[in-house]
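Trainee: Got a minute to walk me through this one? I'd like to get a feel for the fold before I head back to the bench.

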Amino acid sequence: MSKAQAVENKEILQAILIADSHNDNLQPFTSTKPLALLPIANVPLIEYALESLNRNGVEEVIVFCCNHIDQVKRYIQQRQTARCTWSIGMKVSIVSSESCRSIGEAIRDLDARNTIRGNVLLLGVDSVTNADLAALLDEHKRLSKLDRGAVMTVVYKEGLRRMRTGNEVMIAMEPRTRRLLFHQRLAAQQEKERKFELPLELFLGNRDVAVCHGLLDPQIAVCSHAALPLFADNFDFLSRDDFVRGVLINEEILNSRIYVAKLAREEYAMRVNNWQSYHLVSLDVINRWLYPMVPDTAISEFRQQYKHFRNNIYRHGNVRLSRSCELDGDLVVGEESEIREGTYLRQSVVGRGCQIGRNCRIVNSFLMEGASVGDGTVLNHCILGERVKVGEGCTINPGTVLGEGVEIPDRLVVAGLLLQANEPPADEWGTPVQKIADRAYTIPVMDEDDSDSDEDDDKLGQPAMNQPLVIAPLPGRYPASVYEPSDDEGDSRPASPVPEDENIFLSEVVESLKRGFSERTNAEYLILEINSSRYAYNMALCEVNYYVVKAILLIMLQQDGVATNTVGTLRRLLAYFGVVFRNYIRDREAMMNCLRAFEEMCPSSETVRAKLPQLVHYLYEEDLISEEVIIDWHEGLEDVAIKMTLSKLVQWLQESSEEEEEDDED
């Protein structure tokens, strides 16, 4: 082995974790707490970052912190003392500087300390990912051998259709080498750009150019050792965007180049840079897109704390739930929390020690530790910080964020405000502060007219990377894991996509399920593959439900002995596909889509047609399809022959239901 190879093999895998966002987009939380401790599904952001780095074999992490330094240090020390998973094989050290106000200044500080010894992963504590970071590092090392001027590999992910979070970029790159040629950040607002301008020299100077629009930028990169001196030599590099832009403009002078890595479909990466992206990432974690870092696997803990129930409901073992409260789905209910009679919850997170009163309605809302909600209160697309108290009969409308310790009196309506508990000091540049209640004051926001016009001119065509977006109802057609279906998607009418896309999507689902079944891979990965295919072909939720069931039936018909033991064959398949089936067939509409898949298979398969009553009865016995859905579906059947075949089963279900009602009356 040569000396060079020996040095390379001994290289310690390092990561720089920037613990601050250097903006006020997550106010009022970041006014009293560090960004690193912002909870996602009741787990602080820094836990996701450190656990992801630990799973990728990182040996040393340098956490660079500027704000609330004592709180971050105290938390890291407590976790290391508790011997959490990432503390055992990974060294975590904190470098702090209260004077740093940007990523560029943080990198310059680290360069002056000589703490980085080679290639290094660079990401923010707000970058949530399950990507194979070790593979990205190996790819960057390969590129560095081919091109000694390769200073950085930036990571992107396919974007979200019809959705802007402030993380989207448009790039141009050389398709063969994936060298970055052009970079522009897209506007965060929903009003999207109608046209783009790219320099003509881009196409004249390169034989092949690939333009990619709407990529997600999770702010993850692999840096060569030469990248840090570039930050040190160029004081106008304040953000990573400044660095990328500066290198592209002065590529020949600096003799440096940047390359692009795009994550695979099954890999997740998103940046929590405002309250809207906080909403999206929270629901993605609940819907298991970040697998294996999901609530029921005890992130960074050796002991499981949450139990995973149907419809992605995660409940801590120590909670108090009234019998009449309704947990609809996509929920995390934390330790020592209490939910009282008649309360309805959907797509929300309830933190540790929260108290929720009677007859409340909570939808797409996030309650942090110690929050309390009075009887009859409605929370809609809002966030409650630690120890927030909301009185009885209140209505908290979309976009509202209540900071730590805020108290809302009874029967008050709050409409889309950012509130903090104490009156902030007067700010001549900001909007006037309003007093909503004794413990509720608005946060002053800088007036757009007061912004520096010269700075705006310099940034023309380059929207700010950090733009405040409030939490609000998500637009339709967003992936099913992160929103409540719109009226169009919730409708269980037969699917009507372009036939070509329909057939391709079905074939991809069949291939994914067959491969998973033969190789016995983790069924959770199949859900990620199906969601990725759905994403690619823009399939509605009802269509995905229908085709997943149809794919399972097609695989069933290909098994040996299915004609003589149809139910047994389905039982054997669902022993493996049960996780996938339950993930999609969760509510009444999805169950109806499932039964319609069985109905549509009858004309083409005599086996399904002959055994339909037994198959439906099996699904009912396994609690996969409800009695009411079977009866309603039967009433709407147009095929008389199928209706007659199922008549005895339906009659038995109706009689059983009547007997249960009589027993209840007795």
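**A walk through the model**

Mentor: Sure. Of the 666 residues of the protein chain, 56% count as buried. Keep in mind that this is a predicted model.

Trainee: How many helices and strands are there?
Mentor: The chain comes to 22 helices and 36 strands.

Trainee: And what share of the contacts with a separation of 6 or more is between residues 24 or more positions apart?
Mentor: That share is 59%.

Trainee: Okay, helices next. How do α20 and α21 sit relative to each other?
Mentor: Helix α20 covers residues 606–621 and helix α21 covers residues 627–635; their axes come within 10 Å and cross at roughly 150°. Angles over 145 degrees count as roughly antiparallel, so that is the label for α20 and α21. Their crossing is right-handed.

Trainee: Which residues make that contact?
Mentor: From α20 you have L612, V616 and Y620, and from α21 there are E627, I630 and W633. Sorted by class, the contact of α20 with α21 has five nonpolar residues, no polar ones and one charged.

Trainee: What about α18 and α20, at what angle do they cross?
Mentor: Roughly 55°, with the axes of α18 (residues 566–584) and α20 coming within 11 Å. The two helices are therefore oblique to each other. The crossing of α18 and α20 is right-handed.

Trainee: Which side chains should I click on for that contact?
Mentor: On α18, pick T566, V567, L570, R571, L574 and F581; on α20, pick T607, K611, Q614, L615, Y618 and L619. By class, the contact of α18 with α20 has seven nonpolar, three polar and two charged residues.

Trainee: Switching topic: how many aromatic pairs does the structure hold?
Mentor: It holds 12 aromatic pairs. One of them is F517 with F577, a tilted pair at 5.6 Å centre to centre with 35° between the planes.

Trainee: Where do F517 and F577 lie?
Mentor: F517 lies in helix α15 (residues 499–519) and F577 in helix α18, so the pair ties together parts that are 60 residues apart in sequence.

Trainee: Are those two buried or exposed?
Mentor: Under 20% relative accessible area counts as buried. F517 is at 12%, so F517 counts as buried, and F577 is buried with 0%.

Trainee: Which residues form an aromatic cluster?
Mentor: F231, F237 and F243 form one.

Trainee: Now L331. Where is that residue found?
Mentor: L331 is in strand β19, residues 331–333. It is buried, with a relative accessible area of 0%.

Trainee: What does L331 touch?
Mentor: Leaving out residues up to four places away in sequence, L331 touches I286, N312, I313, Y314, L345, R346, Q347 and S348. Take a look at A41 too: the C-alpha atoms of L331 and A41 are separated by 8.8 Å, while the two residues are 290 residues apart along the chain.

Trainee: What about backbone oddities? Which peptide bond into P28 is cis?
Mentor: The one from Q27 to P28, with omega near 5°. P28 is found in the loop between β1 (14–18) and α2 (29–32). The peptide bond from Y291 to P292 is also cis, with omega near 10°, and P292 lies in the loop between α12 (275–286) and β15 (306–309).

Trainee: Why point those out?
Mentor: Because most peptide bonds are trans, and most residues other than glycine have a negative phi.

Trainee: On phi, then: what is the value for Q219?
Mentor: Phi of Q219 is near 60°, a positive value in a residue other than glycine. Q219 sits in the loop between β11 (210–216) and β12 (220–223), and Q219 is buried, with a relative accessible area of 8%.

Trainee: And E336, what is its phi?
Mentor: E336 has a positive phi of about 60°, although it is not a glycine. E336 lies in the loop between β19 and β20 (338–339). At 38% relative accessibility, E336 counts as partly exposed.

Trainee: Great, that gives me plenty to look at. Thanks!

Terms used. Residues numbered from 1 in each chain as written. Predicted model: local features only at pLDDT ≥ 70, side-chain atom pairs only at ≥ 80, totals over all residues. Heavy atoms only, no water. Axes fitted to C-alpha atoms, helices over the stretch in contact; angles between N-to-C directions. Helix = DSSP H or I, 4+ residues; strand = E, 2+ residues; numbered from the N terminus. Parallel < 35°, antiparallel > 145°, perpendicular 65-115°, else oblique. Left-handed = near helix turned anticlockwise from the far one by under 90°. Contact = heavy atoms within 4.5 Å. Nonpolar A, V, L, I, M, F, W, Y, C, P; charged D, E, K, R; others polar. Phe/Tyr/Trp six-rings, centres within 6.5 Å; stacked < 30°, edge-to-face > 60°. Buried < 20%, exposed > 50% of the residue type's maximum accessible area, 1.4 Å probe, protein only.
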